[in-house]
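Subject: Structure handover

Hi,

Here is the structure for you to look over. My notes on helix packing and the sheet follow below.

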Amino acid sequence: MKVINYEVKNPLGIHARPAAILAQACTNFKAAVTIECNGESASGNNVLQILALHAAKGSTLKITIDGEDADACADKILEALNEIQPKDKATKVLRIAFFGTKEYDRLFFSELSKDKGEGTYNVDIEYFNSRLTIESVGLSKGYDGVCIFVNDEAPRPVIEKLAENGIKLILLRCAGFNNVDLDACKEHGITVLRVPAYSPYAVAEHAMAIIQDANRRITKGVNKVKDNNFSLNGLLGVDLHNKVAGIMGTGRIGQIMAKICKGYGMTVLGWDAYPNKALEDQGLLTYVTKEELLRKSDLISLHAPLIMGEGGTYHLIDDKEIEMMKNGVMLVNTSRGGLVNVDALIRGLRANKFHAVALDVYEGEDSNVYTDHSDDMMQNSVAARLVTFPNLILTSHQAFFTREALQAIAAVTMENARNFNEGLPYGPAEVK
């Protein structure tokens, strides 16, 4: 166990930015971190609880770190405490128009943007429910930047209008940037910053959760029981143990999915445009060609970025690739819908090629994502066709949706805004 006693020196106390930096420092460790102040306590990895301590200048934080990696965690916390020392640098307040926002976005971003002054994020946020499109881009007038998500649209005509409205910054509160015309941004001097990683565990865990749902027909079984039907007909699944998992895209999320599959006792194959030899050295996976992975895998999990153009990953899975797969294969996609040709997938489903398919994303999903259509007729023909297959599970782009991920997205996005505002380096957040 490690204990750190820290006197708060920041004139604003442990306000939004210090709380976010502390929480992020604790997130990636197994050790349990408790922060005590004025008779109250907070979990070290929960930014909202840390803010609720109301730790003012002059108060003392007692930080207790207990776990196998307590030393490493304590070092990270000390780095964070040094980072939150006040710095004499006055900056203007950056005005940001947030598009496509939901209540859960406001929960974290509002807390992080409420303080102004020395050492804060110095950001004013105006929330808009509508997605960024050519119809809604006029709302950006009068702001310094916009913040958008995966289902917002920023092709050239939108970028040109943003530039005309004086926008100099696009903040992506996600990792992907395929919805932004980068060439147009360069031409108009618009900086594009993203969240390179938030919680890869959230996405990989969701991938395994939904493919196991589809494999073991769990949702179907639950619905049968609700109808007082306890028959097992139609619920037959397969063991994952001793099967072969194919991971297409072996970045951070793909690596975690590979570890999960290893935990199930699976043999793991990997394919990536840029293989990471260290993963083979660790015994995590074996790299093979795309064709070999498709032929040998019982479970195929997609974690590649969506890259358009020749040699890209658009329609990475098409009729030809589905034909190569084993009969009774399982396929899960929690990356980008455009990786899979949805018409080819439907043809494969109709031909009984798949034992199970689990999709958190699909081609043509944009009009549905994060929108409640429960009182409407189903207008999206792709979704309407997909949900008719009993061996397919469809979720609404929710793989990222954990508290840890939302907290990280908010903190990194606000750090990106601050770095832009203060002329600081962008690091891996910059999209070029």
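**Helix α7 against helix α9**

The axes of helix α7 (residues 200–216) and helix α9 (residues 252–263) come within 8 Å, crossing at roughly 45°. Note that this is a predicted model. Angles of 35 to 65 degrees fall outside the parallel and perpendicular classes, so α7 and α9 are oblique to each other. Their crossing is right-handed. On the α7 side, the contact uses Pro200, Tyr201, Val203, Ala204, Glu205, Ala207 and Met208. On the α9 side, Arg252, Ile253, Ile256, Met257, Ile260 and Cys261 take part. By class, the residues of this contact are 11 nonpolar, no polar and two charged.

**The sheet**

Which order do the strands take? The open sheet has seven strands, ordered β12-β11-β10-β13-β14-β15-β16. Their pairing is parallel. At the edges sit β12 (286–287) and β16 (392–394), each paired on one side only.

Two pairings can be followed through β13. Strand β10 (residues 244–248) runs parallel to strand β13 (residues 299–302), joined by four bridges. Gly246 has Ile300 of β13 as its bridge partner. Four bridges also join β13 to β14, again in parallel. There, Ile300 has Leu331 of β14 as its bridge partner.

Is β14 buried or exposed? Five of its five residues are buried, so to speak of it as mostly covered is fair. Both faces are covered. Val329, Leu331 and Asn333 are buried on one side, and Met330 and Val332 on the other.

**Helices on the sheet**

The two helices from the start also lie across strands. α7 lies across β13, β14 (329–333), β15 (354–359) and β16, and runs at about 140° to β15. α9 lies across β10, β11 (267–271) and β13, and runs at about 175° to β10.

**Helix α1 against helix α15**

A further helix pair is worth a look. Helix α1 (residues 16–27) and helix α15 (residues 403–422) have axes that come within 10 Å and cross at roughly 125°. That angle makes α1 oblique to α15. The crossing is left-handed. α1 contributes Arg17, Ala20, Ile21, Ala23, Gln24 and Thr27 to the contact. α15 contributes Gln407, Ala408, Ala411, Glu415 and Arg418. This contact divides into five nonpolar, three polar and three charged residues.

Best wishes

Notes
Residues numbered from 1 in each chain as written. Predicted model: local features only at pLDDT ≥ 70, side-chain atom pairs only at ≥ 80, totals over all residues. Heavy atoms only, no water. Axes fitted to C-alpha atoms, helices over the stretch in contact; angles between N-to-C directions. Parallel < 35°, antiparallel > 145°, perpendicular 65-115°, else oblique. Left-handed = near helix turned anticlockwise from the far one by under 90°. Contact = heavy atoms within 4.5 Å. Nonpolar A, V, L, I, M, F, W, Y, C, P; charged D, E, K, R; others polar. Pairing = 2+ DSSP bridges. Buried < 20%, exposed > 50% of the residue type's maximum accessible area, 1.4 Å probe, protein only.
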